[in-house]
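The following explanation leads through a molecular structure, beginning with a term on which the later description rests. The sequence and the coordinates should be kept in view while reading.

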Amino acid sequence: MSLAKLTAQSVAPTGEKPWLQGAARFIVLIVVCSIMTILTRSDEYGFVFLNVSNLLNVVRNASILIIIGVGQTITLTARDVDLSVGSVLSLTSVVAAIMLNKYGIAFPVAIFAALLLGAILGLVNGLLITYVGLPPFLATYGTLWVLFGFSYLILQGAVIYGFPAGFRVIGNGSLLGIPMPIIVMAVVFICGYFVLNHTTLGRRFFATGANIETARMSGIRVDRVIITAYVISGFLAALAGLVLIAYTNGSEARIGDSYLLPVLAVVVMGGTSLAGGQGNLLGTLVAALIMAVIHNGMNILAVPAIWQSLVVGLLIIGTVLADQLLRQRA
Amino acid sequence: MKPNVSSFLIRVPSAAWVILLMMTIFTAINTRYLTLDNIVNIVLQNAVLLILALGATLVILSEGLDLSLGSVLTLSGVTCAYVMESLMDSGTPHAVAMGAGVGVGLLTGALMGAITGGLVSLGKMPPFIASLGMMGVGSALSLVLAKSTAIYIRNPLFSFFGERLDRSIDLPLMQYFSMPAFIAIVVFSVVWVMLYHTPFGRCIIAIGGNESGARLSGINTVYWKWMVYVVAGVLAAISGITLAARLEAADSIVGVGWEFDAIAATILGGTSFAKGKGGIAGTVLGVMVIGIARNGLNVIGVQSLWQPALTGTIIILAIVFEIMLSRWKEGRR
């Protein structure tokens, strides 16, 4: 079977209308927005949610999630999950923070070093999966804990804050009234979308994830493809970390921990299959917006942080379960 | 074929090599390492991990995975302490309060396991994502119940189950025995019987080896896959309660990361995700690798800041070594 046919089969879910699913996700987004608009309305301040600054805030919060989510979508398309994204984010941002704050290194160098470190950590994940042959969730779960150990070691349990203004532009600057995180996210998303859907590399991601043996026999060097996917994921996690600490102006050893569950939830809600070979970046984008809206609403309603993590846990179980049940019926 | 050195080398589990190597290094650095006192200490510190790792091994033998074990450990400890302390506040005798607390703790573990198992077996969710979701739920509930701190336990009867015996029994040699070790031995024996002498064990090993084959030969795969998570949840609860007894407190984040140690111990012990092979005897060796690494770093005086990074790296390297070696062994056979 030719590669084109093979990937075409794996990409198009049998018996479903992809555009209908996509539309369904947009409808959910609109419904969630409407609910939040109504719930957060107060007599004093009116429709708080629909405030332009609040909406920009929602998209900016979603940006971090989307940047990581693009990487996660790619690894899930090519092979399997990357559970280490949160820890990669923490470690790279901690390294950048130390370089900027303690050693006063010029920020372009710090940014370059952090991105390089992220890519190297992705490479380690990829090598553990391909050459050592560890199951992806085990390899990346292992690196999750090791990397946390190193972040903790570097910061010695402290919090680090205060970065040069030049660096902070990527987090709190804005261009034509649009906050920089949103611009970074848009660039990442467009590049990711182009690579995944319009390049040979993208086809190889789909082919490898759909059926690794068939892909190997069609002449794809699957090990390289898988490693590339994990390198991209590590790189994007590092980028997300830089944007995040530039915005918050501080970093700590566990800064990325809270992103793992939401990212997985968002990617799966977006229609990317955990079984591999089906990646939907547009879905990831919309799902991340839904997640950000829910978070924002809970913040406005002053839901305690502990309950928010409970909601995210239930949300991920609910969406994956619904996804599995729908697939069985199809 | 004549027996030679290499066939002997093949029969020794790779975890044993790692243990030997680490003990040599630690003894070389600090001669106090290899004393009976310290070995008793290692056993006391790792009895809880062994109980948890047995649960992880059972799940992995059935070709599943439970990342929620650490948070189930935390949650069961917290519910146990919560019930026990509330009952004692209202004047219930220590023994009754302890019985109720332990019962509630075990029930919590079983319930969490039942939900994870239900999601995996009935809902057909990938195990790591179902259990990752439950991990979020479990840790959130622990934080809520313990109000983000720890619940201190003032029940001497309960604390007895976490202590060395010389604290309460005035007999010679008692300092070499501890209740957690005793509990771990009992649990290990029970799990051994369940795994190798009951339908439960035969069915989960069959499911791990070849699930559709097991289904076609008449095994109710949905039921047994569900059961294995329930059992793992109960084992996590036992370890959580024992840990609470040892620390005389139930902390709301005490179990963070324990599931990784438990899974790593299983892999180090030679249980493999792919083929349903391995067993709980190897897991004991795996727990020893982790326990000896932890304790050794302490004894040779490595700063606590370095320990998470170093133990993590040692564990990953040991896993890579184990997998490389088992691949090499298969090539030789």
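Helices and strands are here DSSP runs, H or I of at least four residues for a helix and E of at least two for a strand, numbered from the N terminus. The model under discussion is predicted.

In these terms, E63(B) is placed in the loop that joins α3 (36–61) to α4 (69–89) of chain B. Although E63(B) is not a glycine, its phi is positive, at about 60°. Most residues other than glycine have a negative phi. Is E63(B) buried or exposed? A residue counts as buried if 20 or more other C-beta atoms lie within 10 Å of its own. E63(B) is therefore buried, because 20 other C-beta atoms lie within 10 Å.

A positive phi also occurs at K147(B), which is not a glycine; the value is about 50°. K147(B) belongs to the loop between α6 and β1 (150–152) of chain B. The limit for an exposed residue is 12 or fewer such neighbours. Because K147(B) has 10 C-beta neighbours inside 10 Å, K147(B) counts as exposed.

The helix α6 of chain B leads on to the interface between the chains. There, 28 residues of chain B are in contact with 30 residues of chain A. On the side of chain B that touches chain A, α6 (127–145) and α14 (307–332) of chain B each supply at least two residues. The largest share of that side, 10 residues, comes from α6(B). By residue class, the side of chain B that touches chain A comprises 21 nonpolar, 6 polar and 1 charged.

Methods:
Residues are numbered from 1 along each chain as its sequence is written. Chains are lettered from A and ligands numbered from 1 in the order in which they are written. This is a predicted model: local features need pLDDT of at least 70, side-chain atom pairs count only at pLDDT 80 or more; totals for chains, interfaces and linings use all residues. Two residues are in contact if their C-beta atoms, placed from the backbone, lie within 7 Å. Ala, Val, Leu, Ile, Met, Phe, Trp, Tyr, Cys and Pro count as nonpolar, Asp, Glu, Lys and Arg as charged, and the others, Gly among them, as polar.
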